[in-house]
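Let's take a friendly walk through a protein model, one contact at a time. Please keep the viewer open as you read.

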Amino acid sequence: PSGAGLERWLEDVDTNNPNILAALQAFEAAAAEVSKQHAGHLPTLDLVASYGKNGQAVGGFPGQAGYDIVQGTLGLQLNVPLFSGGAQSARVDEALAQKEKARLDLEVARRTAILNAKQAWFGWHGALARTRAGTQAVKSARSALAQATAGVENGLKTELDVLQAEQQLRAGQRDFRKGRYDQVVAFVRLLALSGRLTEGDVAALDRLLVASPEAAEPPPEAVTIKVSGR
């Protein structure tokens, strides 16, 4: 992530973070609910229409022919509420409270996402420093191990020196791998927080999860050190 500065990542987080977007949608829905409940106090204009048909085969008097009556009406109905009661006012107050809660949730989501992004950013740089330090430690430990091994052959070193050098080597390898792991985790976290994590990123991460070449090697032979007691 060193190709873009922290401010660029924070801009992406503020714009595309999934949690922020979800909280923003909830806030907009709460605002729409307030407008809906306020509308309960407003006049309404309705379109009213009716249609009826009444037919009879013969009339009501002897010799009277049958008839069909068709009646249709179309009109506008205006309702002006004078007092809607306390129930509607309570609904408005409830909608306002829900809107305020949604606003606070949105602010919490934004601050949390920004904090997590900063932690991931600085965590990546810290892991990079540990990786570089682990690389140097591995080089130094390998040199010390080679010197200790040669010293044992020449009678200048003991097996204890070899074990200590190998212990330093394993510690350096551990620090290097831990730093690399923390780098990958921090970078993936940055991608997820900024809404830029894709299936390709997950596939690339999956390709990193392979067995270490050293894991396939047989373990080194145990070295027995005899310590003579008094």
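What follows covers a helix pair, a salt bridge and a surface patch.

Bear in mind that this model is predicted. A good place to begin is with the helices. Two packed helices are described by the angle between their axes and the distance between those axes. Here, helix α1, residues 6-16, packs with helix α3, residues 86-154, at an angle of about 145 degrees, and the axes lie 10 Å apart. The crossing of α1 past α3 is right-handed. On the α1 side, the contact is made by Leu6, Trp9, Leu10, Val13 and Asp14, while α3 brings Arg110, Ala113, Ile114, Ala117, Lys118, Trp121 and Phe122. Sorted by character, these contact residues comprise nine nonpolar, three charged and no polar ones.

Two of the residues named in this contact, Asp14 and Arg110, deserve another look. Their side chains form a salt bridge, with an N to O distance of 2.7 Å. Aspartate 14 sits in helix α1 and arginine 110 in helix α3, so this pair, 96 residues apart, links distant parts of the chain. Using a nitrogen-to-oxygen cut-off of 4 Å, the model has 11 salt bridges.

Now turn to the surface. Leu45, Leu47, Leu74, Leu76, Leu78, Val80, Leu82 and Phe83 form a nonpolar patch there, and together they have about 1,100 Å² of accessible area. Strands β1 (44-58) and β2 (65-79) each supply at least two of the patch residues, with β2 giving the largest share, three residues. Phenylalanine 83, also in the patch, is found in the loop between β2 and α3.

Key: Residues numbered from 1 in each chain as written. Predicted model: local features only at pLDDT ≥ 70, side-chain atom pairs only at ≥ 80, totals over all residues. Heavy atoms only, no water. Axes fitted to C-alpha atoms, helices over the stretch in contact; angles between N-to-C directions. Helix = DSSP H or I, 4+ residues; strand = E, 2+ residues; numbered from the N terminus. Left-handed = near helix turned anticlockwise from the far one by under 90°. Contact = heavy atoms within 4.5 Å. Nonpolar A, V, L, I, M, F, W, Y, C, P; charged D, E, K, R; others polar. Patch = residues over 30% accessible without salt bridge, like charges linked within 9 Å, V, L, I, M, F, W, Y side chains within 5 Å. Areas by Shrake-Rupley, 256 points an atom, 1.4 Å probe, with all protein chains shown as cover.
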